[in-house]
Amino acid sequence: MKLKLLLFTLLAASSFSAHADLLSFEVGTGKWSHDPSGQFQYVVGASGDNLNIQSDLGFKEEEDNYTYAVIRHAVPLCPHVKVMTTELMHKGSGSGFNFGGVPVAAGASTKMVLDHTDVTAFWNFLDTGLTFDLGLTARQLDGEVTVDDGTVTTTAVDGTIPMIYAGFALTPIDNLRFSVEANYTGSGDTSFTDTIAKVSYHTDFMLGVEAGVRNMSLDLDAQNGNFANMDFSGSFVGVSLKF
């Protein structure tokens, strides 16, 4: 009985693998150079200036890490899964403004952290050299903005944000892939748009390289007293392993 069950399982697996890989696993990491622009305002008791994050807070281009893992399989109706973490931090200096009701003196140091982790469940609707994926992302945002002129004032920018995910990819030849993916939400007091366009190449020895551009836009409207209209954009390069 066990032999018959094993033979049936092998036959079913071999028949199914003619249409799709049973399982693939990809991990990657790289560096994203992000240039900031836009405004941020922290209001307490109706007091707090609307600040340009470049000229007022002194933020300039920075480089941070990203990592991801993607699991694809051939189980019908069950979603594929992608997990991605992104570090995002800017440091600068500024003075002569009001931050959350606190006047900021000269020589103040400023810092913005917008680290986030995405957990995405998605389904594949087309896979013929041109692929189309659609799904949902839960983005855990762990951030804060801090101004320190001897007195430290900090406001949290955090929470779990539901987003819609879509991805397109073209594989014109074996191992070469052009792709675009986006996460978006526009509900409540938060609007988030995050797009990635990249080209990647995997060798026959599992190792791959990738390069592209990423743009992330964040709008906040009275979220914990925070108001923002900010963009972070720039290029990235990375390496990956695909099993």
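Biologist: Which word fits phenylalanine 25: buried, partly exposed or exposed?
Modeller: The relative accessibility of phenylalanine 25 is 32%. Buried means under 20% relative accessible area and exposed means over 50%, with partly exposed in between (1.4 Å probe, protein chains only). Phenylalanine 25 therefore counts as partly exposed.

Biologist: What kind of model is this, and at which pLDDT do side-chain atom pairs count?
Modeller: Residues are numbered from 1 along each chain as its sequence is written, and side-chain values use heavy atoms, leaving out hydrogens and water. This is a predicted model in which totals for chains, interfaces and linings use all residues, local features need pLDDT of at least 70, and side-chain atom pairs count only at pLDDT 80 or more.

Biologist: How many strands does the chain have?
Modeller: Helices (H or I, at least four residues) and strands (E, at least two) are DSSP runs, numbered from the N terminus. The chain has one helix, and its strands number 14.

Biologist: How many aromatic pairs are there?
Modeller: Rings of Phe, Tyr and Trp (its six-membered ring) pair if their centres lie within 6.5 Å; planes under 30 degrees apart count as stacked, over 60 as edge-to-face and the rest as tilted. By this rule, the number of aromatic pairs is eight.

Biologist: How many residues apart are phenylalanine 25 and phenylalanine 243?
Modeller: These two form a stacked aromatic pair, with 6.2 Å from centre to centre and 20° between the planes. Phenylalanine 25 is in strand β1, whereas phenylalanine 243 is in the segment after β14. Phenylalanine 243 is partly exposed at 48% relative accessibility. The separation of the pair in residues is 218.

Biologist: Why is the pair of tyrosine 66 and phenylalanine 236 classed as it is?
Modeller: The ring centres of tyrosine 66 and phenylalanine 236 are 5.6 Å apart and their planes stand at 85°. That angle is why the pair is edge-to-face.

Biologist: In which strands do tyrosine 66 and phenylalanine 236 lie?
Modeller: Tyrosine 66 is buried with a relative accessible area of 4%, and phenylalanine 236 is buried with 6%. They are 170 residues apart in sequence, so the pair ties together distinct parts of the chain, namely strands β3 and β14.

Biologist: How many residues does the largest nonpolar core have?
Modeller: A nonpolar core is a set of buried Ala, Val, Leu, Ile, Met, Phe, Trp, Tyr and Cys residues joined through side-chain atoms within 4.5 Å. Phe40, Phe99, Met112, Leu114, Met230 and Phe232 have the most contacts inside the largest core, whose residue count is 35. Strands that each supply at least two residues of this core include β1 (23–42), β3 (62–73) and β14 (226–242).  The residue count, again, is 35.

Biologist: Which strand holds threonine 153?
Modeller: Threonine 153 is buried, with a relative accessible area of 13%. Contact means heavy atoms within 4.5 Å. Leaving aside neighbours within four places in sequence, threonine 153 has contacts that include Tyr42 and Phe99, and these two form one aromatic cluster with Phe40. The strand of threonine 153, residues 152–173, is β10.

Biologist: What is the phi of leucine 77?
Modeller: Leucine 77 lies in the loop between β3 and β4 (80–86). Its relative accessibility is 81%, so leucine 77 counts as exposed. Although leucine 77 is not a glycine, its phi is positive, at about 70°.

Biologist: What is the phi of alanine 222?
Modeller: Alanine 222 is found in strand β13 and is partly exposed at 42% relative accessibility. Alanine 222 is not a glycine, yet its phi is positive, at about 60°.
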